[in-house]
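User: I am new to this structure and would like to learn how to read it step by step. Could you give the general idea for each feature and then the case at hand?

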There are 2 protein chains.
Amino acid sequence: MADTMADRLERWKADGFDPQNCPVRRILDHVAAKWTLLVLMELDSGPKRFNALLRAIPDVSRRMLTQSLRDLERDGLVIRTVFDTRPPSVEYKLTEGGHTLMVPLSALIDWATSQSTAIFDAQMRYDAA
Amino acid sequence: MADTMADRLERWKADGFDPQNCPVRRILDHVAAKWTLLVLMELDSGPKRFNALLRAIPDVSRRMLTQSLRDLERDGLVIRTVFDTRPPSVEYKLTEGGHTLMVPLSALIDWATSQSTAIFDAQMRYDAA
DNA sequence: CGGTATCCGGGAAGATACTG
DNA sequence: CAGTATCTTCCCGGATACCG
(Lines give C-alpha, C1' and ligand atoms only; values in the text may rest on other atoms or scores of the structure.)
Protein backbone atom coordinates (compact mmCIF):
# COMPACT_ATOMS: atom_id res chain seq x y z
CA MET A 1 0.00 0.00 0.00
CA ALA A 2 1.60 3.24 -1.16
CA ASP A 3 -1.20 5.00 0.65
CA THR A 4 -0.29 8.22 2.38
CA MET A 5 -1.46 9.06 5.87
CA ALA A 6 -3.48 11.91 4.43
CA ASP A 7 -5.32 9.44 2.19
CA ARG A 8 -6.13 7.24 5.14
CA LEU A 9 -7.30 10.13 7.26
CA GLU A 10 -9.50 11.44 4.48
CA ARG A 11 -11.09 8.06 3.99
CA TRP A 12 -11.69 7.68 7.71
CA LYS A 13 -13.30 11.06 7.97
CA ALA A 14 -15.43 10.58 4.89
CA ASP A 15 -16.51 7.38 6.57
CA GLY A 16 -17.97 9.16 9.57
CA PHE A 17 -14.96 8.77 11.75
CA ASP A 18 -15.50 8.75 15.49
CA PRO A 19 -12.23 9.23 17.37
CA GLN A 20 -13.85 7.94 20.53
CA ASN A 21 -14.55 4.64 18.81
CA CYS A 22 -11.73 4.19 16.34
CA PRO A 23 -10.95 0.50 15.72
CA VAL A 24 -7.31 1.20 14.99
CA ARG A 25 -6.82 2.99 18.25
CA ARG A 26 -8.71 0.34 20.17
CA ILE A 27 -6.27 -2.23 18.84
CA LEU A 28 -3.28 -0.02 19.47
CA ASP A 29 -4.50 0.55 22.99
CA HIS A 30 -4.48 -3.18 23.58
CA VAL A 31 -1.10 -3.67 21.98
CA ALA A 32 0.35 -0.86 24.04
CA ALA A 33 -1.28 -1.91 27.28
CA LYS A 34 1.21 -2.42 30.01
CA TRP A 35 1.84 -6.15 29.66
CA THR A 36 0.31 -7.15 26.35
CA LEU A 37 3.41 -6.64 24.27
CA LEU A 38 5.48 -8.92 26.47
CA VAL A 39 2.76 -11.56 26.51
CA LEU A 40 2.58 -11.53 22.71
CA MET A 41 6.35 -11.80 22.41
CA GLU A 42 6.48 -14.73 24.82
CA LEU A 43 3.71 -16.54 22.97
CA ASP A 44 5.27 -15.89 19.57
CA SER A 45 7.88 -18.53 20.26
CA GLY A 46 5.27 -21.14 21.11
CA PRO A 47 2.37 -22.04 23.41
CA LYS A 48 2.87 -21.45 27.11
CA ARG A 49 0.97 -22.17 30.28
CA PHE A 50 -0.28 -19.59 32.71
CA ASN A 51 2.36 -20.00 35.35
CA ALA A 52 5.08 -20.24 32.72
CA LEU A 53 4.06 -16.80 31.48
CA LEU A 54 3.89 -15.57 35.04
CA ARG A 55 7.47 -16.68 35.58
CA ALA A 56 8.71 -15.46 32.21
CA ILE A 57 7.40 -11.93 32.70
CA PRO A 58 8.92 -10.41 35.81
CA ASP A 59 6.70 -8.22 37.95
CA VAL A 60 3.41 -9.05 36.30
CA SER A 61 0.67 -9.94 38.77
CA ARG A 62 -1.77 -12.80 38.37
CA ARG A 63 -4.54 -10.29 37.99
CA MET A 64 -2.95 -8.30 35.20
CA LEU A 65 -1.71 -11.37 33.35
CA THR A 66 -5.21 -12.81 33.41
CA GLN A 67 -6.68 -9.58 32.15
CA SER A 68 -4.12 -9.21 29.38
CA LEU A 69 -4.78 -12.75 28.23
CA ARG A 70 -8.55 -12.20 28.32
CA ASP A 71 -8.24 -9.05 26.23
CA LEU A 72 -6.08 -10.83 23.67
CA GLU A 73 -8.43 -13.79 23.63
CA ARG A 74 -11.40 -11.49 23.11
CA ASP A 75 -9.65 -9.87 20.14
CA GLY A 76 -9.08 -13.31 18.63
CA LEU A 77 -5.31 -13.00 18.89
CA VAL A 78 -4.81 -15.71 21.50
CA ILE A 79 -6.47 -19.06 22.10
CA ARG A 80 -6.98 -20.51 25.55
CA THR A 81 -7.13 -24.28 25.82
CA VAL A 82 -8.02 -26.14 29.00
CA PHE A 83 -6.73 -29.67 29.42
CA ASP A 84 -8.83 -31.75 31.74
CA THR A 85 -6.04 -33.16 33.86
CA ARG A 86 -5.50 -33.11 37.61
CA PRO A 87 -4.30 -30.58 38.47
CA PRO A 88 -5.78 -28.73 35.48
CA SER A 89 -3.46 -27.16 32.96
CA VAL A 90 -4.24 -24.28 30.64
CA GLU A 91 -2.34 -23.44 27.50
CA TYR A 92 -2.24 -20.12 25.70
CA LYS A 93 -1.09 -19.72 22.13
CA LEU A 94 -1.26 -17.18 19.34
CA THR A 95 -3.90 -17.59 16.68
CA GLU A 96 -3.10 -17.12 13.02
CA GLY A 97 -4.20 -13.50 13.40
CA GLY A 98 -1.93 -13.13 16.39
CA HIS A 99 1.04 -14.28 14.35
CA THR A 100 0.29 -11.90 11.49
CA LEU A 101 0.19 -9.06 14.01
CA MET A 102 3.74 -9.85 15.04
CA VAL A 103 5.02 -8.87 11.59
CA PRO A 104 4.20 -5.15 11.69
CA LEU A 105 4.74 -5.17 15.44
CA SER A 106 8.30 -6.44 14.99
CA ALA A 107 9.01 -3.58 12.65
CA LEU A 108 7.78 -1.11 15.24
CA ILE A 109 9.83 -2.77 17.97
CA ASP A 110 12.89 -2.59 15.74
CA TRP A 111 12.30 1.09 15.14
CA ALA A 112 11.89 1.77 18.85
CA THR A 113 15.00 -0.24 19.67
CA SER A 114 17.15 1.49 17.09
CA GLN A 115 15.87 4.95 18.05
CA SER A 116 15.88 4.53 21.79
CA THR A 117 19.16 6.30 22.43
CA ALA A 118 18.29 9.10 20.01
CA ILE A 119 15.01 9.56 21.83
CA PHE A 120 16.72 9.48 25.19
CA ASP A 121 19.13 12.17 24.02
CA ALA A 122 16.28 14.29 22.70
CA GLN A 123 14.56 14.03 26.05
CA MET A 124 17.68 15.11 27.90
CA ARG A 125 18.04 18.11 25.61
CA TYR A 126 14.40 19.02 26.04
CA ASP A 127 14.50 18.70 29.82
CA ALA A 128 17.64 20.82 30.00
CA ALA A 129 15.72 23.69 28.43
CA MET B 1 16.07 -8.32 10.52
CA ALA B 2 15.05 -11.97 10.53
CA ASP B 3 15.27 -11.85 14.27
CA THR B 4 12.65 -13.82 16.12
CA MET B 5 10.80 -12.47 19.11
CA ALA B 6 12.46 -15.08 21.26
CA ASP B 7 15.87 -13.76 20.21
CA ARG B 8 14.89 -10.25 21.12
CA LEU B 9 13.47 -11.26 24.47
CA GLU B 10 16.55 -13.26 25.31
CA ARG B 11 18.81 -10.35 24.47
CA TRP B 12 16.70 -7.98 26.53
CA LYS B 13 16.73 -10.27 29.52
CA ALA B 14 20.45 -10.95 29.26
CA ASP B 15 20.77 -7.20 29.22
CA GLY B 16 19.24 -6.81 32.66
CA PHE B 17 15.77 -6.06 31.40
CA ASP B 18 13.51 -4.03 33.63
CA PRO B 19 9.89 -4.21 32.47
CA GLN B 20 9.07 -1.16 34.56
CA ASN B 21 11.58 0.86 32.59
CA CYS B 22 11.57 -0.64 29.10
CA PRO B 23 12.47 1.92 26.42
CA VAL B 24 10.41 0.14 23.79
CA ARG B 25 7.32 0.22 25.91
CA ARG B 26 7.86 3.83 26.88
CA ILE B 27 7.91 4.75 23.21
CA LEU B 28 4.95 2.55 22.43
CA ASP B 29 3.04 4.16 25.27
CA HIS B 30 3.55 7.55 23.68
CA VAL B 31 2.63 6.36 20.23
CA ALA B 32 -0.49 4.70 21.53
CA ALA B 33 -1.51 7.53 23.83
CA LYS B 34 -5.00 8.68 23.22
CA TRP B 35 -4.39 11.43 20.66
CA THR B 36 -0.78 10.98 19.57
CA LEU B 37 -1.51 8.73 16.63
CA LEU B 38 -3.93 11.21 15.08
CA VAL B 39 -1.52 14.08 15.64
CA LEU B 40 1.28 12.19 13.91
CA MET B 41 -0.96 11.30 10.99
CA GLU B 42 -2.07 14.90 10.56
CA LEU B 43 1.50 16.15 10.65
CA ASP B 44 2.72 13.50 8.24
CA SER B 45 1.09 15.35 5.36
CA GLY B 46 2.86 18.58 6.27
CA PRO B 47 3.34 21.24 8.96
CA LYS B 48 0.25 22.49 10.71
CA ARG B 49 -0.60 25.18 13.22
CA PHE B 50 -2.08 24.62 16.64
CA ASN B 51 -5.62 25.59 15.85
CA ALA B 52 -5.51 23.76 12.54
CA LEU B 53 -4.72 20.58 14.45
CA LEU B 54 -7.43 21.40 16.94
CA ARG B 55 -9.95 21.67 14.12
CA ALA B 56 -8.65 18.63 12.25
CA ILE B 57 -8.94 16.33 15.25
CA PRO B 58 -12.50 16.28 16.50
CA ASP B 59 -13.04 16.08 20.24
CA VAL B 60 -9.50 16.80 21.30
CA SER B 61 -9.25 19.49 23.96
CA ARG B 62 -6.70 22.29 23.94
CA ARG B 63 -5.13 20.78 27.02
CA MET B 64 -4.67 17.30 25.61
CA LEU B 65 -3.47 18.54 22.24
CA THR B 66 -0.86 20.67 23.97
CA GLN B 67 0.29 17.76 26.06
CA SER B 68 0.47 15.38 23.11
CA LEU B 69 2.54 17.88 21.16
CA ARG B 70 4.86 18.46 24.11
CA ASP B 71 5.43 14.72 24.52
CA LEU B 72 6.21 14.32 20.83
CA GLU B 73 8.49 17.33 20.93
CA ARG B 74 10.28 15.93 23.94
CA ASP B 75 10.84 12.63 22.12
CA GLY B 76 12.34 14.54 19.20
CA LEU B 77 9.57 13.46 16.83
CA VAL B 78 8.02 16.88 16.34
CA ILE B 79 9.46 20.38 16.05
CA ARG B 80 7.69 23.46 17.32
CA THR B 81 8.46 26.74 15.60
CA VAL B 82 7.19 30.08 16.86
CA PHE B 83 6.83 32.89 14.32
CA ASP B 84 7.04 36.28 15.89
CA THR B 85 4.03 37.82 14.25
CA ARG B 86 0.99 39.50 15.73
CA PRO B 87 -0.99 37.55 16.61
CA PRO B 88 1.71 34.91 17.11
CA SER B 89 1.58 31.74 15.06
CA VAL B 90 3.13 28.42 15.94
CA GLU B 91 3.89 25.67 13.50
CA TYR B 92 4.34 22.00 14.27
CA LYS B 93 6.03 19.56 11.94
CA LEU B 94 7.54 16.10 12.02
CA THR B 95 11.27 15.75 12.39
CA GLU B 96 13.23 13.29 10.29
CA GLY B 97 12.84 10.79 13.11
CA GLY B 98 9.13 11.43 13.17
CA HIS B 99 8.88 10.57 9.49
CA THR B 100 10.83 7.35 9.88
CA LEU B 101 8.44 6.31 12.63
CA MET B 102 5.55 6.60 10.22
CA VAL B 103 6.90 3.72 8.13
CA PRO B 104 6.49 0.92 10.69
CA LEU B 105 3.48 2.72 12.11
CA SER B 106 1.76 2.68 8.73
CA ALA B 107 2.25 -1.06 8.54
CA LEU B 108 0.62 -1.47 11.92
CA ILE B 109 -2.28 0.79 10.95
CA ASP B 110 -2.75 -1.22 7.78
CA TRP B 111 -2.84 -4.42 9.79
CA ALA B 112 -5.35 -2.98 12.24
CA THR B 113 -7.51 -1.64 9.43
CA SER B 114 -7.53 -4.91 7.53
CA GLN B 115 -8.23 -6.95 10.65
CA SER B 116 -10.75 -4.65 12.26
CA THR B 117 -13.84 -6.55 11.16
CA ALA B 118 -12.27 -9.89 12.05
CA ILE B 119 -11.46 -8.54 15.47
CA PHE B 120 -14.93 -7.11 15.88
CA ASP B 121 -16.41 -10.50 14.99
CA ALA B 122 -14.11 -12.24 17.46
CA GLN B 123 -15.24 -9.87 20.17
CA MET B 124 -18.90 -10.51 19.42
CA ARG B 125 -18.31 -14.24 19.59
CA TYR B 126 -16.39 -13.90 22.85
CA ASP B 127 -19.02 -11.69 24.43
CA ALA B 128 -21.79 -14.06 23.41
CA ALA B 129 -20.14 -16.78 25.45
C1' DC C 1 -2.61 -25.14 39.02
C1' DG C 2 -5.02 -21.34 37.42
C1' DG C 3 -7.48 -18.42 38.45
C1' DT C 4 -11.49 -14.54 41.24
C1' DA C 5 -12.89 -11.04 44.44
C1' DT C 6 -12.21 -6.85 46.70
C1' DC C 7 -10.12 -2.71 48.08
C1' DC C 8 -7.43 1.24 47.20
C1' DG C 9 -4.14 4.94 45.52
C1' DG C 10 -2.35 7.71 41.70
C1' DG C 11 -2.19 9.36 37.31
C1' DA C 12 -4.67 10.30 32.93
C1' DA C 13 -7.95 13.03 30.89
C1' DG C 14 -12.39 16.03 30.56
C1' DA C 15 -14.64 20.66 31.75
C1' DT C 16 -14.15 25.26 32.57
C1' DA C 17 -12.03 29.64 32.99
C1' DC C 18 -8.31 32.77 32.33
C1' DT C 19 -3.94 35.04 29.69
C1' DG C 20 0.18 37.24 26.87
C1' DC D 1 -3.72 32.84 18.24
C1' DA D 2 -1.86 29.65 21.24
C1' DG D 3 -1.77 28.35 25.05
C1' DT D 4 -2.07 27.85 31.19
C1' DA D 5 -4.36 26.92 35.45
C1' DT D 6 -7.32 24.55 38.32
C1' DC D 7 -10.67 21.24 39.62
C1' DT D 8 -12.71 16.88 39.42
C1' DT D 9 -13.73 12.52 37.89
C1' DC D 10 -12.60 8.05 36.19
C1' DC D 11 -10.26 3.93 35.65
C1' DC D 12 -5.82 1.44 35.37
C1' DG D 13 -3.08 -1.29 37.84
C1' DG D 14 -0.93 -2.95 42.41
C1' DA D 15 -1.71 -5.50 46.84
C1' DT D 16 -3.93 -8.86 49.24
C1' DA D 17 -6.84 -12.64 50.12
C1' DC D 18 -9.62 -16.41 48.77
C1' DC D 19 -11.36 -20.62 45.57
C1' DG D 20 -12.39 -25.08 42.47
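Analyst: We start with the term polar contact: a pair of N or O atoms within 3.5 Å. One case is B:Val90, where a polar backbone atom is 3.1 Å from a phosphate oxygen of DNA strand D. Keep in mind that this is a predicted model.

User: Which side chains make such contacts with a phosphate oxygen of DNA strand D?

Analyst: Among them is B:Tyr92, with a polar side-chain atom 2.6 Å from a phosphate oxygen of the strand. Another is A:Trp35, where an N or O atom of the side chain is 3.5 Å from a phosphate oxygen of DNA strand D. As for elements, two or more residues of the surface near DNA strand D come from each of helix H5 (62–74) of chain A and, in chain B, helix H4 (50–56), helix H5 (62–74) and strand S3 (89–94).

User: Which element gives the largest share of the surface near DNA strand D?

Analyst: That is H5(B), with four residues.

User: Which residues come nearest to DNA strand D?

Analyst: A residue counts as near a strand if one of its heavy atoms lies within 4 Å of it. There are 17 residues around DNA strand D, and those that come nearest are A:Lys34, A:Arg63, B:Arg49, B:Arg80 and B:Tyr92. By class, the surface near this strand has seven nonpolar, three polar and seven charged residues.

User: What parts of DNA strand D lie within 4 Å of the protein?

Analyst: A strand can be split into sugar or phosphate on one side and bases on the other. For DNA strand D, 69% of the atoms within 4 Å of the protein belong to sugar or phosphate, and the rest belong to bases.

User: How do I read DNA strand C in the same way?

Analyst: Take the residues, then the atoms. Around DNA strand C there are 18 residues, of which A:Arg49, A:Arg80, A:Tyr92, B:Lys34 and B:Arg63 come nearest. Of the atoms of this strand that come within 4 Å of the protein, 72% are accounted for by sugar and phosphate. The residues of the surface near DNA strand C divide into eight nonpolar, three polar and seven charged.

User: Which side chain has a polar atom 3.4 Å from a base nitrogen of DNA strand C?

Analyst: That side chain belongs to A:Arg62. Contacts to phosphate oxygens of DNA strand C include B:Lys34, with a polar side-chain atom at 2.7 Å, and A:Arg70, with a side-chain N or O atom at 3.2 Å.

User: Which elements each supply at least two residues of the surface near DNA strand C?

Analyst: They are helix H4 (50–56), H5 and strand S3 (89–94) of chain A, together with H5 of chain B. The most comes from H5(A), which gives four residues.

User: How are chains A and B related?

Analyst: The idea is to lay one copy on the other and see what movement this takes. A turn of 180° with a shift of 0.0 Å along the axis lays chain B on chain A with an RMSD of 0.2 Å. This is the relation of a two-fold axis. Because 100% of the interface residues of chain B are also interface residues in chain A, the copies meet through the same surface.

User: In what order do the strands of chain B form their sheet?

Analyst: To read a sheet, follow which strand pairs with which. In chain B, three strands form an open sheet in the order S1-S3-S2, with antiparallel pairing. Strand S1 (48–49) and strand S2 (78–83) of chain B are the edge strands, each pairing on one side only.

User: How many bridges join S2(B) to S3(B)?

Analyst: Six bridges join these antiparallel strands, and five residues lie between them in a hairpin. Here B:Thr81 stands opposite B:Glu91 in S3(B). S1(B) and S3(B) are paired over two bridges, and B:Arg49 also stands opposite B:Glu91.

User: What lies across the three strands of chain B?

Analyst: Helix H3 (residues 36–44) of chain B lies across S1, S2 and S3, at about 95° to S3(B).

User: Where is a cis peptide bond found in chain B?

Analyst: The angle to read is omega. B:Arg86 and B:Pro87 are joined by a cis peptide bond with omega of about -5°, and B:Pro87 lies in the loop between S2 and S3 of chain B. In chain A, the bond from A:Arg86 to A:Pro87 is cis, with omega near 0°.

Notes:
Residues numbered from 1 in each chain as written. Chains lettered and ligands numbered in written order. Predicted model: local features only at pLDDT ≥ 70, side-chain atom pairs only at ≥ 80, totals over all residues. Heavy atoms only, no water. Polar contact = N/O pair within 3.5 Å; in protein donor to acceptor, adjacent residues only side chain to side chain. Nonpolar A, V, L, I, M, F, W, Y, C, P; charged D, E, K, R; others polar. Least-squares fit on C-alpha atoms with pLDDT ≥ 70 in both. Contact = heavy atoms within 4.5 Å. Pairing = 2+ DSSP bridges. Axes fitted to C-alpha atoms, helices over the stretch in contact; angles between N-to-C directions.
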